[in-house]
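Hi,

Here is the model I said I would pass along. Have a look at it first, and my notes follow underneath.

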Amino acid sequence: MSYFEEVTQKARAAVSTAAVKAREVADSAKISAAIISEKRELDKSYRALGQWYACEHGEGEVPAAVADVMAAIRSSQQKIADLQASRDAAENAESNQPEEGAVCPVCGKISDSKFCPHCGAPME
């Protein structure tokens with residue numbers, strides 16, 4: 001065999017080996033991605049089951065094994081409700097406050113600049 005034929009055969013063998021390894025890595029990555037996807041679906045199912053259980057069972061109906069978890073859930077739900085109420089109250093208080101500045105004689109908008117940002121008229 002000539003030198004070039006020998007180099008060509010070695011190159012073909014190396015490319016073939018690299019292609020096989022690349023396929024193995026790609027297959028492994030696909031399997032890993034499928035496993036991760038299934039774990040996410042399983043977590044979603046667990047969360048849905050837990051949420052259903054928490055909604056279906058009242059304060060007294062909960063077994064002692066999960067009473068602490070249910071108490072923590074109820075506490076978190078109450079905190080969320082309180083925080084949402086305080087946020088809504090703060091938003092309402094902000095919207096009721098009058099804006100500071102002069103009233104534009106042309107469009108009636110309030111601004112504290114020399115010219116109205118809405119229509120461009122000079123402010124008095």
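Let me start with a question: is Glu41 buried, partly exposed or exposed? With a relative accessible area of 39%, Glu41 falls in the partly exposed class, because that class runs between 20% and 50%. Keep in mind throughout that this is a predicted model.

Glu41 is worth opening with since its side chain meets that of Lys44 in a salt bridge, at 3.5 Å from N to O. Both residues belong to helix H1, where they sit three residues apart, or about one turn of the helix. Lys44 is partly exposed as well, with a relative accessible area of 45%.

How many salt bridges does the structure hold? The count is three. As a reminder, side chains of opposite charge can pair when their charged atoms come close.

Another of the salt bridges joins Glu6 and Lys10, whose closest N and O atoms are 3.4 Å apart. Here the spacing is four residues within helix H1, so about one helical turn separates Glu6 from Lys10. The two partners fall into separate accessibility classes: Glu6 is partly exposed at 36% relative accessibility, while Lys10 counts as exposed at 55%.

The remaining pair is Arg87 with Asp88, and their side chains meet at 3.9 Å, N to O. Arg87 has a relative accessible area of 47%, which makes it partly exposed. Asp88 is also partly exposed, at 36%.

Now to the beginning of helix H1, which covers residues 3-56 and includes Tyr3. Which residues make the nonpolar surface patch there? They are Tyr3, Phe4 and Val7, and the patch comes to about 380 Å². Tyr3 counts as exposed, at 61% relative accessibility, and Phe4 is exposed too, at 65%.

Two of those patch residues turn up again when you look at the rings. The count of aromatic pairs comes to one. It is formed by Tyr3 and Phe4: their ring centres are 5.8 Å apart and the planes stand at 70 degrees, so the pair is edge-to-face.

On to the chain as a whole. It has two helices and two strands, and reading along the sequence gives the pattern α-α-β-β.

What radius of gyration does the chain have, and what would a compact globule of 124 residues have? The chain has 34 Å, whereas the globule would be near 14 Å. The box filled by the C-alpha atoms, taken along the principal axes, is roughly 100 × 65 × 15 Å.

Burial and contacts add to that picture. Of the 124 residues, 7% count as buried. If you take the contacts between residues at least 6 apart in sequence, 0% of them join residues at least 24 apart. The accessible surface of the chain is about 10500 Å², and carbon and sulfur atoms account for 57% of that area.

If you want a quick route through the model, try the Tyr3 and Phe4 rings, then the Glu6 to Lys10 salt bridge, then Glu41 with Lys44, and finish at Arg87 and Asp88.

Cheers

Note on methods:
Residues are numbered from 1 along each chain as its sequence is written. This is a predicted model: local features need pLDDT of at least 70, side-chain atom pairs count only at pLDDT 80 or more; totals for chains, interfaces and linings use all residues. Side-chain values use heavy atoms; hydrogens and water are left out. Patches are made of residues with over 30% relative accessible area and no salt bridge: like charges are joined within 9 Å, nonpolar side chains (Val, Leu, Ile, Met, Phe, Trp, Tyr) within 5 Å. Accessible areas come from the Shrake-Rupley method with a 1.4 Å probe; for residues, only the protein chains shown count as cover. A salt bridge is a side-chain nitrogen of Lys or Arg within 4 Å of a carboxyl oxygen of Asp or Glu. Buried means under 20% relative accessible area, exposed over 50%, partly exposed in between (1.4 Å probe, protein chains only). Rings of Phe, Tyr and Trp (its six-membered ring) pair if their centres lie within 6.5 Å; planes under 30 degrees apart count as stacked, over 60 as edge-to-face and the rest as tilted. The radius of gyration is taken over C-alpha atoms; the globule rule is 2.2 Å times the number of residues to the power 0.38. Contact means heavy atoms within 4.5 Å.
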